[in-house]
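Take a moment with the sequence and the 3D view. This report then walks through some contacts.

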Protein chains: 2
Amino acid sequence: MVAESSMDRNMLATPADGGMSVPALFQNLIGYHLRVAQETSFQGFAKAAGKEDLKPGWYALLTVLAERESMTPSELSRTCGRDRSTLTSSLKALSNRGLIERRWNPDDQRSYSVRLTEEGRQMQERLHAIAVVHELRLDEIAGEDKAVLIAVLGRIAATFGTSEDF
Amino acid sequence: MVAESSMDRNMLATPADGGMSVPALFQNLIGYHLRVAQETSFQGFAKAAGKEDLKPGWYALLTVLAERESMTPSELSRTCGRDRSTLTSSLKALSNRGLIERRWNPDDQRSYSVRLTEEGRQMQERLHAIAVVHELRLDEIAGEDKAVLIAVLGRIAATFGTSEDF
DNA sequence: GCAAGATAGTTTGATATCAAATTATTTGGC
DNA sequence: GCCAAATAATTTGATATCAAACTATCTTGC
């Protein structure tokens, strides 16, 4: 699983404007801090990349394709954690922008494969460079706690992500 | 800022079905683990609460109202981090379900205040109890690292949430 | 006191998401 | 071989979100 899928229903929100601070009830809740950190961190990334180039799942799709060379929409759907139907419009947009190329599968008329164009590869590299810069900032913030942080986050994902969800 | 607002554009997705594991490129990225942990954790909460009772911002709205007694839609918007226009339908739904009550402000014909009904209070308590159970699981997972985890998440939120976003 | 501007809430428009229904093609059972 | 079932992708339907336009009311400046 790799990328930018969405969670429409969130438990807790980020500090929005200059409004209230964290309500007492939420002060000590991991879930709350997880949500706020994730949301603000992503906003930082999105802002750096620019809205035009960071449409919903683009970074994820391009990065997966950069690793795998060629995939079908169904494979991309599974890997990126988004519904197949959602990919239809994303792939159309990426294709219109010349970032990907579609090739019909001669062995299966229903299916086609998707691969990056040279332009798509450049876009992926550009977005990835921004992600790396962003990650460096996170590394700096985490400091010596990085390993612990990743370990705990991994345990959380493993607990809720595997046993009970699907 | 309190609740269930949404981040439509996410950087990274959760492990979806039984699909791929974490791609090498993302293995060491805090942003990725943050995303996956947040998403899977929220799914665990949503599943426990049930879809009927956990419409997008309900837990947040009800909890804020439980603390504040009475608020206007605009205040709720700021506190919950959702656009005012988005609240219109949520408040209508909560009102239809008998969970909140609206009272026109005699001093300002444009405005009204919202408060929990007794039924709304019960629903808030039910959802909160589920959130607490969920939080206990997170506490267990975090173990002795909880304090560090919350501290780092707080630093991330503070870094990206205040200085550059708004 | 009245016109200009601010503010409260709603409506509309553009996206995005998932889930279910649909269409076309391939596979499998017999 | 042929018809049923599975599969690939798309289309459609129901929600949700934000942003901008809109309506109604209140506040200000003069």
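Which of the 22 residues around DNA strand D come nearest? They are A:S74, A:S85, A:R110, B:R82 and B:T86. Here, a residue is near a molecule or strand if one of its heavy atoms lies within 4 Å of it.

First, some ground rules. This is a predicted model, where local features need pLDDT of at least 70, side-chain atom pairs count only at pLDDT 80 or more, and totals for chains, interfaces and linings use all residues. Residues are numbered from 1 along each chain as its sequence is written, chains are lettered from A and ligands numbered from 1 in the order in which they are written, and side-chain values use heavy atoms, with hydrogens and water left out.

**DNA strand D**

Look at the strand's own atoms. Of those within 4 Å of the protein, 69% belong to sugar or phosphate. The rest belong to bases.

Now for the polar contacts. A polar contact is a pair of N or O atoms within 3.5 Å; within protein, one must be able to donate a hydrogen and the other to accept it, and residues adjacent in sequence count only if both atoms are side-chain atoms. The table lists some of them for both strands.

| Protein side | DNA side | Distance |
|---|---|---|
| A:R84, polar side-chain atom | strand D, base nitrogen | 2.9 Å |
| A:S111, polar side-chain atom | strand D, phosphate oxygen | 3.1 Å |
| B:T86, polar side-chain atom | strand D, phosphate oxygen | 2.6 Å |
| A:Q109, backbone N or O atom | strand C, phosphate oxygen | 2.9 Å |
| A:R110, side-chain N or O atom | strand C, base oxygen | 3.2 Å |
| B:S111, polar side-chain atom | strand C, phosphate oxygen | 3.1 Å |

B:T86 appears in the table with a phosphate oxygen of DNA strand D. Which elements give two or more residues to the surface near this strand? Chain A supplies α3 (73–80) and α4 (84–96), and chain B supplies α4 (84–96). Helices (H or I, at least four residues) and strands (E, at least two) are DSSP runs, numbered from the N terminus. The most comes from α4(A), with three residues.

The surface near DNA strand D has three nonpolar, ten polar and nine charged residues. Ala, Val, Leu, Ile, Met, Phe, Trp, Tyr, Cys and Pro count as nonpolar, Asp, Glu, Lys and Arg as charged, and the others, Gly among them, as polar.

**DNA strand C**

Turn to the other strand in the table. Among the 22 residues around DNA strand C, the nearest are A:R82, A:T86, B:S74, B:S85 and B:R110. Sugar and phosphate make up 68% of the atoms of DNA strand C within 4 Å of the protein.

B:S111 reaches a phosphate oxygen of this strand. On the surface near DNA strand C, two or more residues each come from α4 of chain A and from α3 (73–80) and α4 of chain B. Here α4(B) gives the most, with three residues. By class, this surface has three nonpolar, ten polar and nine charged residues.

**Where two helices cross**

How do α1 (residues 30–49) of chain A and α1 (residues 30–49) of chain B meet? Their axes come within 9 Å and cross at roughly 135°. Axes are lines fitted to C-alpha atoms, for helices over the stretch in contact, and angles run from 0 to 180 degrees between N-to-C directions. The angle makes α1(A) oblique to α1(B). Angles under 35 degrees count as roughly parallel, over 145 as roughly antiparallel, 65 to 115 as roughly perpendicular and the rest as oblique.

Contact here means heavy atoms within 4.5 Å. From α1(A) come A:L34, A:R35, A:A37, A:Q38 and A:S41. From α1(B) come B:L34, B:R35, B:A37, B:Q38 and B:S41. These residues divide into four nonpolar, four polar and two charged.
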